[in-house]
Amino acid sequence: MSEAYLFPPMPPISLAIRGEKTRFPVHRIYCIGRNYEAHAREMAATVNLEAPVFFSKPADALVTGNADVPYPSATLDLHHEVELVVALGSGGGDLSVAAALTTVIGYAVGLDLTRRDLQAAAKAKGLPWDSAKGFDHSAPISSLSLVSAIGHPQQGRLSLEVNGSVRQQVDIADMVLQVGEILAALSTLYQLRAGDLIFTGTPAGVAALRRGDRFRASFPGIDELTGRIV
Ligand code: MN
């Protein structure tokens, strides 16, 4: 017997997988802040290795298929943050660094779009970042490349171009916490699950996006993420 619903439930949210017919079903989106020293400095923030900054976005904030991104309401300062994204194929709680890395099934490239003006106001008042980070269409993302195809990248150039000019570029070896360390720390706060995505932090060079801007984010072995702010 099938359940009856008051209105149609949301369809599952999923990512395409490079070279595969099956899709990756998304559970939650977690993000880490201040994971590159130079970006922490440009935000006048400090890195605290003992207490990483975590926040989250709703799964339906994802923008897939290189679709257009609508300029959000309530901001005059939409910022790009290009990030390597980790996708989990299993999960757990209180994981060791080694165990945490075995939960990773793939990698993607994403933008952690941010209403910087709202974030600055929230920081000044000690208020939560939700409306600065978790708004509709705030997480454009590429297709997933599987670990079985590309392994676990520990170096390589993460790059973002806007209108053909490089805005952000870094070697991911410069991350403060590496992927296994991020997941181990996160797993002390949440039970990680298959389908979770983790945005691993942005390098220096965050700046404004305007309507009409075209962006292109890349990392070796992963399909490019492209799109337009409309
Ligand atoms: Mn970010």
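Are Glu-81 and Arg-116 buried or exposed? In this predicted model, both Glu-81 and Arg-116 are buried, and their side chains meet in a salt bridge with 2.8 Å from N to O. The two residues belong to distant parts of the chain, since Glu-81 sits in the loop between strand 6 (78–80) and strand 7 while Arg-116 belongs to helix 3, 35 residues apart.

## A network of charged side chains

The structure holds 7 salt bridges, and three of them are set out in the table below.

| Pair | Closest N to O distance |
|---|---|
| Lys-57 and Asp-112 | 2.8 Å |
| Glu-81 and Arg-116 | 2.8 Å |
| Lys-133 and Glu-81 | 3.3 Å |

Lys-133 lies in helix 4 and Glu-81 in the loop between strand 6 and strand 7, so this salt bridge ties together parts of the chain that are 52 residues apart in sequence. Lys-133 has a relative accessible area of 2% and is therefore buried, and Glu-81, at 4% relative accessibility, counts as buried too. Salt bridges that share partners join Lys-57, Glu-81, Asp-112, Arg-116 and Lys-133 into one network.

The salt bridge of Lys-57 with Asp-112 also links distant parts of the chain, with Lys-57 in strand 4 and Asp-112 in the loop between strand 8 and strand 9 (114–115), 55 residues apart. Lys-57 and Asp-112 are both buried. Lys-57 has a further partner of another kind, for it lies over the face of Phe-135, at 5.9 Å from the ring centre.

## The open sheet

Strand 4, which holds Lys-57, is part of an open sheet in which 6 strands follow the order 4-3-14-7-8-11, with mixed pairing. Strand 4 and strand 11 (145–146) stand at the edges with a single partner strand each, so one side of each is left without a neighbour in the sheet.

Moving inward from strand 4, one meets strand 3, and these two strands pair in the antiparallel sense over 5 bridges; within this pairing, Tyr-30 has Ser-56 of strand 4 as its bridge partner. Strand 3 also runs parallel to strand 14, to which 3 bridges join it, and here Ile-29 stands opposite Leu-197. Further along the order, strand 7 (residues 82–88) and strand 8 (residues 104–111) run antiparallel and are joined by 7 bridges, with Leu-88 opposite Val-104.

How are the two faces of strand 3 placed, covered or uncovered? In a regular strand the side chains alternate between the two faces of the sheet. Both faces of strand 3 are covered, with Ile-29, Cys-31 and Gly-33 buried on one side and Tyr-30 and Ile-32 buried on the other.

## Two aromatic pairs

The model contains 2 aromatic pairs. In one of them, Tyr-30 and Tyr-190 are tilted, with 4.8 Å from centre to centre and 40 degrees between the planes. Tyr-30 lies in strand 3 (residues 29–33) and Tyr-190 in the loop between helix 6 (179–186) and strand 14 (197–199), so the pair ties together parts that are 160 residues apart in sequence. Tyr-30 is buried, with a relative accessible area of 3%, whereas Tyr-190, at 35% relative accessibility, counts as partly exposed.

The rings of Phe-55 and Trp-129 have centres 5.6 Å apart and planes at 55 degrees, so this pair is tilted as well. Phe-55 in strand 4 (residues 53–57) and Trp-129 in the loop between helix 3 (116–125) and helix 4 (130–133) are 74 residues apart. Phe-55 is buried at a relative accessible area of 12%, and Trp-129 counts as buried at 18%.

## The nonpolar cores

In soluble globular proteins, nonpolar side chains tend to be buried together. The largest nonpolar core here has 41 residues, and those with the most contacts inside it are Val-86, Leu-158, Leu-183, Ile-198 and Phe-215. Among the elements that give two or more residues to this core are strand 3, strand 7, strand 8 and helix 6, and helix 6 provides the largest share, 5 residues. Leaving aside neighbours within four places in sequence, Ile-198 is in contact with residues including Tyr-30, Leu-84, Val-86, Leu-88 and Leu-183. A second, separate core of 22 residues includes Ile-13, Trp-129, Ala-139 and Leu-144.

Terms used: Residues numbered from 1 in each chain as written. Predicted model: local features only at pLDDT ≥ 70, side-chain atom pairs only at ≥ 80, totals over all residues. Heavy atoms only, no water. Phe/Tyr/Trp six-rings, centres within 6.5 Å; stacked < 30°, edge-to-face > 60°. Helix = DSSP H or I, 4+ residues; strand = E, 2+ residues; numbered from the N terminus. Buried < 20%, exposed > 50% of the residue type's maximum accessible area, 1.4 Å probe, protein only. Lys NZ or Arg CZ within 6 Å of the ring centre and 35° of its normal. Pairing = 2+ DSSP bridges. Core = buried A, V, L, I, M, F, W, Y, C linked by side-chain atoms within 4.5 Å. Contact = heavy atoms within 4.5 Å. Salt bridge = Lys/Arg side-chain N within 4 Å of Asp/Glu carboxyl O.
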